[in-house]
Amino acid sequence: MNPARYLILRPADLIGLALAVAAALVLPFLVRDDYSANVLVLILLYAGLASSWNIIGGLAGQFSLGHSAFLGIGAYTSTLLYNYAGISPWLGMLAGGSISVVLALLISYPTFRMRGVFFAMATLAVGETLRILLIYSRKFFPLPYSLSIDYQPGLARMIFEDRASYALLAGCYLLTCLACTFVLSRSYTGFYLRAIRDNDEAADAAGVPVRRYKLIAFLVSAFLTALGGTLMAQYVLYIEPGTVFSIELSVDLPLMAILGGIGTILGPLVGAAILLPLRETLVEMLGGAASGAHLVLYGFLLILIVVLLPNGLLGGLDRLRALTRSKPGPSADAAKTAGVQP
């Protein structure tokens, strides 16, 4: 049996591919002003991170809240190697990804024995534990609380003079994450992951090696998230435990996937394109009016979106399309009235 037959591009896939390529590789050359370019970089970068989370959280149905641990490892590994050993971030990001894979492998055994909210809290505890350990390790190792990266533009150092280059790099990272998600979702692994997501007990009874395929999704997700951590560090040129290991980041990634459509290919991109500009706009409008006012309105709008679109924006569009197709026409209604099957 040829597995490649599952990777055939459908018309909807071609449209999604065109949109993703346009957002990742065309928009960086069209945006001119510095503010919009910065927002575009963040959208593409966070969309890639949310897509990485979507592999374990959307395809496999394992709601992780600890992906800041992998992002922080990727950011700190590449930065330490660059600052103290002069190793290029292009190699440091691979080292950070490898360390994240090892960590995901180590924590998989205890966390995969938990389900639902217990799994989410366990992974959240992993990220918080790493943050606390990193802070208190300064008592025993001569490490500063924060790390800065010298601004020396160069492709080998992954530092650029213009934001368009960062946006292009973040776009390539996004396309890589989307491609991994697409290949996984259309392969046998994706079929097994969806079976585990829907009912892991039934999948286990049907002979699906549940733990093995959960682990595959977890390792791929951890590796891609660590790569994004390096990109974030090279863009900001400054990291500290409170930012790269933050709970806020661990919540933002699944929130973007949920808003766009959890388990879908383009859902994380759509969610990031909604969430980040919404946040920036509210901060600009209400940030100086009253302390925390923008956060209240931001939370209210998110709740409203989730309530109205529980399956995300793409899920809502699919539901609307299904309702439109299933709606009987006038001839069908007349046939039913006459007692004749159409």
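**Helix packing, salt bridges and a surface patch**

Q: In this predicted model, which helices are included in what covers the buried residues of helix 5?
A: Helix 5 runs over residues 117–136, and its buried residues are Phe-119, Ala-120, Ala-122, Thr-123, Leu-124, Val-126 and Gly-127. What covers these buried residues of helix 5 includes three other helices, namely helix 3 (67–85), helix 4 (89–111) and helix 11 (247–260).

Q: What distance does helix 5 reach from its first C-alpha to its last?
A: Helix 5 has 20 residues, and an expected span can be worked out for it at 1.5 Å a residue. The distance in the model is close to that expected value, for the helix reaches 28 Å.

Q: Is Ser-250 buried or exposed?
A: Ser-250 lies in helix 11, and, not counting residues up to four places away in sequence, this serine touches Leu-65, Gly-66, His-67 and Ser-68. A residue is called buried when its relative accessible area is under 20%. The relative accessible area of Ser-250 is 2%, so Ser-250 is buried.

Q: Which residue forms a salt bridge with Arg-131?
A: Side chains of opposite charge can pair when their charged atoms come close. Arg-131 is partly exposed, with a relative accessible area of 22%, and its salt-bridge partner also lies in helix 5, three residues apart from it, so the two are separated by about one helical turn. The closest N and O atoms of the pair are 2.9 Å apart, and the partner of Arg-131 is Glu-128.

Q: How many residues apart are Arg-115 and Asp-200?
A: Arg-115 forms a salt bridge with Asp-200, and their closest N and O atoms are 3.5 Å apart. This pair links distant parts of the chain, since Arg-115 is in the loop between helix 4 and helix 5 while Asp-200 is in helix 8 (residues 200–205), and the separation is 85 residues.

Q: Which partner in the salt bridge between Arg-115 and Asp-200 counts as buried?
A: Arg-115 has a relative accessible area of 49% and is therefore partly exposed. The other partner has 18% relative accessibility, which is under the 20% cut-off, so the one that counts as buried is Asp-200.

Q: What is the distance between the closest N and O atoms of Arg-197 and Asp-198?
A: Arg-197 counts as partly exposed at 33% relative accessibility, whereas Asp-198 is exposed at 60%. These two residues form a salt bridge, in which the closest N and O atoms are separated by 3.6 Å.

Q: Which helix supplies the largest share of the nonpolar patch?
A: The nonpolar patch on the surface has about 870 Å² of accessible area together, and the residues that form it include Ile-274, Phe-300, Val-307 and Leu-317. Helix 13 (293–308) and helix 14 (312–326) each supply at least two of its residues. Val-307 is found in helix 13 and is exposed, with a relative accessible area of 59%. The largest share of the patch, six residues, comes from helix 13.

Q: Over which residues is the pLDDT below 50?
A: The chain averages a pLDDT of 85, and 89% of the residues score at least 70. One stretch has a pLDDT below 50, and beyond near neighbours in sequence this stretch has three contacts in the model. Where pLDDT is low, the predicted coordinates should not be read in detail. The stretch in question is residues 331–342.

How values were computed. Residues numbered from 1 in each chain as written. Predicted model: local features only at pLDDT ≥ 70, side-chain atom pairs only at ≥ 80, totals over all residues. Heavy atoms only, no water. Patch = residues over 30% accessible without salt bridge, like charges linked within 9 Å, V, L, I, M, F, W, Y side chains within 5 Å. Areas by Shrake-Rupley, 256 points an atom, 1.4 Å probe, with all protein chains shown as cover. Salt bridge = Lys/Arg side-chain N within 4 Å of Asp/Glu carboxyl O. Helix = DSSP H or I, 4+ residues; strand = E, 2+ residues; numbered from the N terminus. Buried < 20%, exposed > 50% of the residue type's maximum accessible area, 1.4 Å probe, protein only. pLDDT = per-residue confidence, 0-100. Contact = heavy atoms within 4.5 Å. Expected span 1.5 Å × (residues − 1).
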